[in-house]
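User: Please take a close look at one part of this structure, the aromatic rings and what surrounds them, and then follow the packing of the helices and the unusual backbone sites. A connected account would be preferred to a list.

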Amino acid sequence: MNIKGKSKIRITAVALLVVILASVGVLSGCGKKSEKVTIAIPNDATNEARALLLLEKNGYIKLKKGAGITATIKDVEDANGIEFKEVEAAQVSNTLKDVDFGVINSNYAIEAKLNPVKDSLIKEDSAADYANILAVKEGNQNSDKIKALKAALESKEVANFIKKKYDGSIVSVVKNPTDGYDSSVNYAALKGTTITVAASPTPHAEILQEAKKILAKKGINLEIKEFTDYVQPNKVVDSGEIDANYFQHVPYLDDFNKKQGTKVVSVAAIHNEPMGLYAGKSDSLDKLKKLK
């Protein structure tokens, strides 16, 4: 073979090697890209922690030792290829089209026409620390108005309504439901009184409608004022403008009081709203399972 022929072979071999290396690089890049999983989570302190704890419990991430109900993405020790998109809790469902998965509170899932029992891919088994509460301004816990409202929410009627209406999506945490009335309350003196409550539309305002029926039998009017944010309900209770609110859990309230200087306290735990992971662009857990 002449020198010119050898040169052609060398050039061809080099060219072939370049093509192979480039192909490997492209395939490698594609592999890495496919391994990335995006998950939208709530950006408020307590719900973000819930989302991260849910993912850790199911083996998808690892949090730093000691990270608990105040964990943030800064406490993620091993994200395992997951990229987090932090958004307002109420907006997580709206981001599903842009992410692989989203961790959503049951109340917002229901508003988004998602069934927390049937549509969630994974769900909290128990959320005792996050039971939704009836809260009032500190010092008003033992007023007859509040005790009457508390008793109505702790009734068998309300517990049965939650069970029938939400079919496991929302779960009553009242251990011993009553007839809806407190024997220590002077209901005769409350006749004609109006009790005001700030609440989120779903499921809180719906549940309060059942309590309203119980109070009405004693001549007490329950006025439900709906709010779509997590700030004003505590502020209007702290200012005394509204008697009580029903929309949050204790970890959120504690964090709010600390940051805002408000003095709002819990008087009763009524129900749980299990948080769940919902499909976005990825319609099954397979993509997450591959990361383990």
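Analyst: Helices are taken here as DSSP runs of H or I with at least four residues, numbered from the N terminus. On that basis, Thr46 belongs to helix 2, which spans residues 45–57. The model is a predicted one.

Thr46 is a useful point of entry to the aromatic part. Its relative accessible area is 4%, so Thr46 is buried. Leaving aside residues up to four places away in sequence, Thr46 is in contact with Ile69, Tyr130, His249, Pro251 and Tyr252. Two of these contacts, Tyr130 and Tyr252, lead on to the ring interactions. The charged end of Arg50 is placed over the ring of Tyr130, at 4.4 Å from the ring centre.

Aromatic pairs may be considered next. The whole structure contains 7 of them. One is formed by Tyr181 and Tyr187, whose rings lie 5.6 Å apart from centre to centre with 85 degrees between the planes, an edge-to-face arrangement. The two partners can be set side by side: Tyr181 has a relative accessibility of 23% and therefore counts as partly exposed, whereas Tyr187, at 10%, counts as buried. Tyr181 also has a charged neighbour, since Lys218 lies over the face of its ring at 4.9 Å from the centre.

Tyr252, already met as a contact of Thr46, pairs with Phe256. Their ring centres are 6.1 Å apart and the planes stand at 35 degrees, so this pair is tilted. Both residues belong to helix 9 (residues 250–260), where they are 4 residues apart, about one turn of the helix. Tyr252 and Phe256 are both buried. Ring pairs also connect them with Tyr108, Tyr230 and Phe247 in a cluster.

Helix packing is illustrated by helix 7 (residues 201–216). Its axis and that of helix 4 (residues 144–153) come within 9 Å and cross at roughly 115 degrees, in a right-handed sense. Helix 4 contributes Ala148, Leu149, Ala152 and Leu153 to the contact, and helix 7 contributes Ile207, Leu208, Ala211, Ile214 and Leu215. By class, this contact comprises 9 nonpolar residues, with no polar and no charged ones.

Helix 7 also packs with helix 5 (residues 156–166), at an angle of about 140 degrees and with the axes 10 Å apart. This crossing is right-handed. From helix 5, the contact involves Glu157, Val158, Phe161, Ile162, Lys165 and Tyr166; from helix 7, it involves Pro203, Glu206, Ile207, Glu210, Ala211 and Ile214. Its residues divide into 8 nonpolar, no polar and 4 charged.

Pro203 of helix 7 opens the subject of backbone geometry. Most residues other than glycine have a negative phi, and most peptide bonds are trans. The peptide bond from Thr202 to Pro203, however, is cis, with omega near 0 degrees. Asn80, which is not a glycine, has a positive phi of about 55 degrees. This residue is located in the loop between strand 3 (76–78) and strand 4 (82–87), and its relative accessibility of 23% makes it partly exposed. Lys113 likewise has a positive phi, near 65 degrees. Lys113 is placed in the loop between helix 3 (106–111) and strand 6 (122–123), and at 75% relative accessibility it counts as exposed.

Notes: Residues numbered from 1 in each chain as written. Predicted model: local features only at pLDDT ≥ 70, side-chain atom pairs only at ≥ 80, totals over all residues. Heavy atoms only, no water. Phe/Tyr/Trp six-rings, centres within 6.5 Å; stacked < 30°, edge-to-face > 60°. Buried < 20%, exposed > 50% of the residue type's maximum accessible area, 1.4 Å probe, protein only. Helix = DSSP H or I, 4+ residues; strand = E, 2+ residues; numbered from the N terminus. Lys NZ or Arg CZ within 6 Å of the ring centre and 35° of its normal. Axes fitted to C-alpha atoms, helices over the stretch in contact; angles between N-to-C directions. Left-handed = near helix turned anticlockwise from the far one by under 90°. Contact = heavy atoms within 4.5 Å. Nonpolar A, V, L, I, M, F, W, Y, C, P; charged D, E, K, R; others polar.
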